[in-house]
Structures are given as structure tokens and as C-alpha cells.
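Q: I'm new to this one. Can you walk me through it?
A: Sure. Take a look, then ask away.

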Amino acid sequence: MIETERRTDMSKPHWRPARASDLPAISAIAARIHPNLPERPEVFAEKMRLYPDGCRVLAADERIVGYGLAHLWTQHRIPPLDGFLEHLPGDADCLYLHDVAVLPDLRGGVARDYVVAIEDLARDSGIATLALVSVYATRPLWEHLGFRPVTADVELRAKLASYGDGATYMLRGLAAHA
Ligand SMILES: CC(C)(COP(=O)(O)OP(=O)(O)OC[C@H]1O[C@@H](n2cnc3c(N)ncnc32)[C@H](O)[C@@H]1OP(=O)(O)O)[C@@H](O)C(=O)NCCC(=O)NCCS
């Protein structure tokens with residue numbers, strides 16, 4: 001019975017605001033999913049402190065099985081991987097999706113939910129553009145969700161370097177409220 005209930009709960013992961021106490025789980029998932037793109041827990045913690053509205057975890061039962069981190073930022077500027085933001089720009093013109101990562105068994109339909117939540121957050125904040133750096137082979141997924149690659153000039157290419165081969169800077173304009 002207990003196992004059945006657990007399976008039922010596990011089949012319905014949901015996004016909720018990240019708390020400081022989620023940091024170890026976020027770091028553990030990041031280390032597992034991004035072994036070649038390591039970031040310090042303090043770097044995640046800073047984002048959670050600077051822009052808590054954009055930072056969520058995917059909870060299933062009592063487990064954290066994924067996270068999404070986003071913050072206000074400036075278009076065509078890429079925060080260095082594992083670097084501190086120091087502060088958010090006062091004239092932010094985009095919401096930057098730093099990362100969305102979900103444990104393999106729980107994938108399928110959950111990243112979209114996070115992006116929809118971030119989209120709503122951007123609109124509510126008067127922000128009309130989402131930005132991200134696509135890594136690995138995720139570009140088709142982001143294109144499916146409406147993001148378009150930006151042709152990188154020399155400066156942008158240099159900033160993308162820390163994100164590994166194939167990293168692509170992408171933007172998505174948000175349509176005005178219907
Ligand atoms: C990226 C990640 C979070 C996606 O999670 P997910 O739950 O599988 O994503 P979703 O199923 O919500 O996918 C979003 C949409 O993209 C679609 N999609 C998924 N893979 C796709 C692909 N290769 N090409 C085109 N569309 C794709 C999905 O069908 C879905 O569209 P739909 O809602 O219209 O059906 C997950 O794969 C992951 O953790 N990857 C490792 C970390 C990572 O690479 N993060 C991204 C850093 S930029």
C-alpha cells in the first residue's frame with residue numbers, strides 16, 4: 001500500500017519555490033547531470049538569494065528530482081559559468097534561464113511546466129524576452145519551446161566557451177498578453 005502511494009506521488013512531480021534547505025539536493029543533481037560543467041553551491045545559492053522567484057525545484061514525494069534557476073539579466077550578456085552575478089542589472093531586459101535539470105527517470109513534460117512558469121513571471125515583471133545558453137544537444141528542445149539561436153559574434157563566442165562545445169545563445173520573445 002505504501003509503495004503504491006509512493007509510486008502515485010512520484011508520478012506527479014510538481015514545481016515549487018526553491019528554499020535554502022534545497023541547496024544540497026540542487027548541488028547533488030547538478031553534479032550528477034553536469035559533471036563537466038561544475039558550479040559551486042555558493043553560486044547556486046547567490047541566484048536563489050538574488051532572484052528567488054525564478055528558482056524552483058521539482059518535488060516528487062519528499063524528494064527533489066530537478067531544479068530550474070532563472071534570474072533577471074541583460075540580453076546578449078552571458079554570465080560566466082560558476083561565476084557570481086554580484087547583483088542583478090537595474091535595467092534588466094530579459095529573464096535568463098541559467099539551467100533546468102531533471103533526473104532522467106522523471107523527465108517528460110516537466111521542463112515545459114517550468115518554462116511556462118518563468119514565462120508568466122517574466123510577463124508579470126514587464127519583461128518581454130527569455131534568454132538561455134543551450135548546452136549538449138538541447139537546442140532542438142529549446143527551438144520547440146520557441147527559442148531562436150542568436151548568431152554569436154567574437155565576444156559572445158568567447159563567453160560561450162565556458163559552457164562547452166556546441167553551446168548556443170538563444171532568445172525567445174514573449175507575445176503580449178492576449
Ligand atoms: C532539458 C530537460 C530539463 C528537459 O526535461 P523534460 O521534462 O524531458 O522536457 P519536456 O518533456 O518538458 O520538453 C519540453 C518540450 O520539448 C520537446 N522536446 C524534448 N526533446 C526534444 C527534442 N530533442 N527536439 C524537439 N523537441 C523536444 C518535448 O516534447 C516538449 O514539448 P511538448 O510539451 O510540446 O510535448 C532534461 O532533458 C534534462 O534535465 N537534461 C539535462 C540537463 C540539461 O541539458 N538542461 C538544459 C540546459 S540548457
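Q: Which polar backbone atom is 3.1 Å from an oxygen atom of the ligand?
A: One of Ala111. Keep in mind that this is a predicted model.

Q: And what about Val102, how far is its polar backbone atom from a ligand oxygen?
A: The distance there is 2.8 Å.

Q: Which residue puts a polar side-chain atom 3.3 Å from a ligand oxygen?
A: Arg107 does.

Q: How much of the ligand does the protein bury?
A: It buries 72%. That is out of the 960 Å² the ligand exposes when taken alone.

Q: Where does the ligand sit?
A: In the largest pocket.

Q: Which elements give two or more residues to the shell around it?
A: Two strands and two helices. The strands are β4 (94–102) and β5 (129–134). The helices are α4 (110–124) and α5 (139–144).

Q: How many residues surround the ligand, and which are the closest?
A: 22 residues surround it. Val100, Val102, Gly109, Arg112 and His144 are the closest.

Q: What's the mix by class?
A: The shell has 13 nonpolar residues, 6 polar ones and 3 charged ones.

Q: New topic. How many aromatic pairs are there?
A: The count is 3. One of them joins Trp15 and Tyr114.

Q: What is the geometry of the Trp15 and Tyr114 pair?
A: Tilted. The centres are 5.0 Å apart, with 40° between the planes.

Q: Where in the chain are these two?
A: Trp15 is in strand β1 (residues 14–17), and Tyr114 is in helix α4. They are 99 residues apart, so the pair links distant parts of the chain.

Terms used: Residues are numbered from 1 along each chain as its sequence is written. This is a predicted model: local features need pLDDT of at least 70, side-chain atom pairs count only at pLDDT 80 or more; totals for chains, interfaces and linings use all residues. Side-chain values use heavy atoms; hydrogens and water are left out. A residue is near a molecule or strand if one of its heavy atoms lies within 4 Å of it. A polar contact is a pair of N or O atoms within 3.5 Å; within protein, one must be able to donate a hydrogen and the other to accept it, and residues adjacent in sequence count only if both atoms are side-chain atoms. Accessible areas come from the Shrake-Rupley method with a 1.4 Å probe; for residues, only the protein chains shown count as cover. On a 1 Å grid over the protein atoms alone, a cavity is a set of points where a 1.4 Å probe fits but cannot get out, and a pocket is an open set with protein on both sides within 12 Å along at least five of seven lines; lining residues have an atom within 4 Å of a point. A molecule sits in a cavity or pocket if more than half of its atoms lie within 2 Å of its grid points. Helices (H or I, at least four residues) and strands (E, at least two) are DSSP runs, numbered from the N terminus. Ala, Val, Leu, Ile, Met, Phe, Trp, Tyr, Cys and Pro count as nonpolar, Asp, Glu, Lys and Arg as charged, and the others, Gly among them, as polar. Rings of Phe, Tyr and Trp (its six-membered ring) pair if their centres lie within 6.5 Å; planes under 30 degrees apart count as stacked, over 60 as edge-to-face and the rest as tilted.
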